[in-house]
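Q: I should like to take a close look at a single part of a protein model. Please explain the contacts there step by step, with each term defined.

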Amino acid sequence: MQRIRVGMTGLGIVLVLIAVVSVVFSSANREQPVSAIGASNAMVVANLSDGASPGALDKKDEPLAELGVAPSTESTESVNAAEIARREEARRRDEAQH
């Protein structure tokens, strides 16, 4: 019987402690953030985008390429199939002559 009473008392103390901490943190969350005169507005700064890159919002499908971890899959140079075929044919002719 003594063990049950001690266990229930400990459990009650823990629950009261959790309730007190919860009240303290919830009151801290309800306070308005302090802003100094001339300081930037946090909501405006969070919604800014880089004006130098107009297509920055379109490139959200390659986050690793944006970080520089992996190469980008989009090609910047145009592919000329006829030129590639001519080079391959010239290379084959050179190999056949030697």
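Which residue forms a salt bridge with glutamate 95, and how many Å apart are the closest N and O atoms?

A: The partner of glutamate 95 is arginine 91, and the closest N and O atoms of this salt bridge are 2.7 Å apart. A salt bridge is counted here when a side-chain nitrogen of Lys or Arg lies within 4 Å of a carboxyl oxygen of Asp or Glu. The model is predicted, so local features need pLDDT of at least 70 and side-chain atom pairs count only at pLDDT 80 or more, whereas totals for chains, interfaces and linings use all residues. Residues are numbered from 1 along each chain as its sequence is written, and side-chain values use heavy atoms, with hydrogens and water left out.

Consider first the place of this pair. Arginine 91 and glutamate 95 both belong to helix H4 and stand four residues apart, about one turn of the helix. Helices are DSSP runs of H or I with at least four residues, strands are runs of E with at least two, and both are numbered from the N terminus. Helix H4 covers residues 81–97.

Arginine 91 also meets glutamate 88 in a salt bridge, at 2.7 Å from N to O. These two residues are three residues apart in helix H4, which means that about one helical turn separates them.

The exposure of these side chains can be described with three classes: buried means under 20% relative accessible area, exposed means over 50%, and partly exposed lies in between (1.4 Å probe, protein chains only). Arginine 91 is partly exposed at 38% relative accessibility, and glutamate 88, at 30%, is partly exposed too. Glutamate 95 has a relative accessible area of 51% and is therefore exposed.

Another salt bridge in helix H4 joins glutamate 83 to arginine 87, with the closest N and O atoms 3.4 Å apart. Glutamate 83 and arginine 87 are four residues apart in the helix, so the separation is about one helical turn. With a relative accessibility of 27%, glutamate 83 is partly exposed, while arginine 87 is exposed at 56%. This pair is part of a wider arrangement, for Glu83, Arg86 and Arg87 are linked in a network of salt bridges.

By the rule given above, the count comes to five salt bridges. Those described here include the contacts of arginine 91 with glutamate 95 and with glutamate 88, as well as the contact between glutamate 83 and arginine 87.
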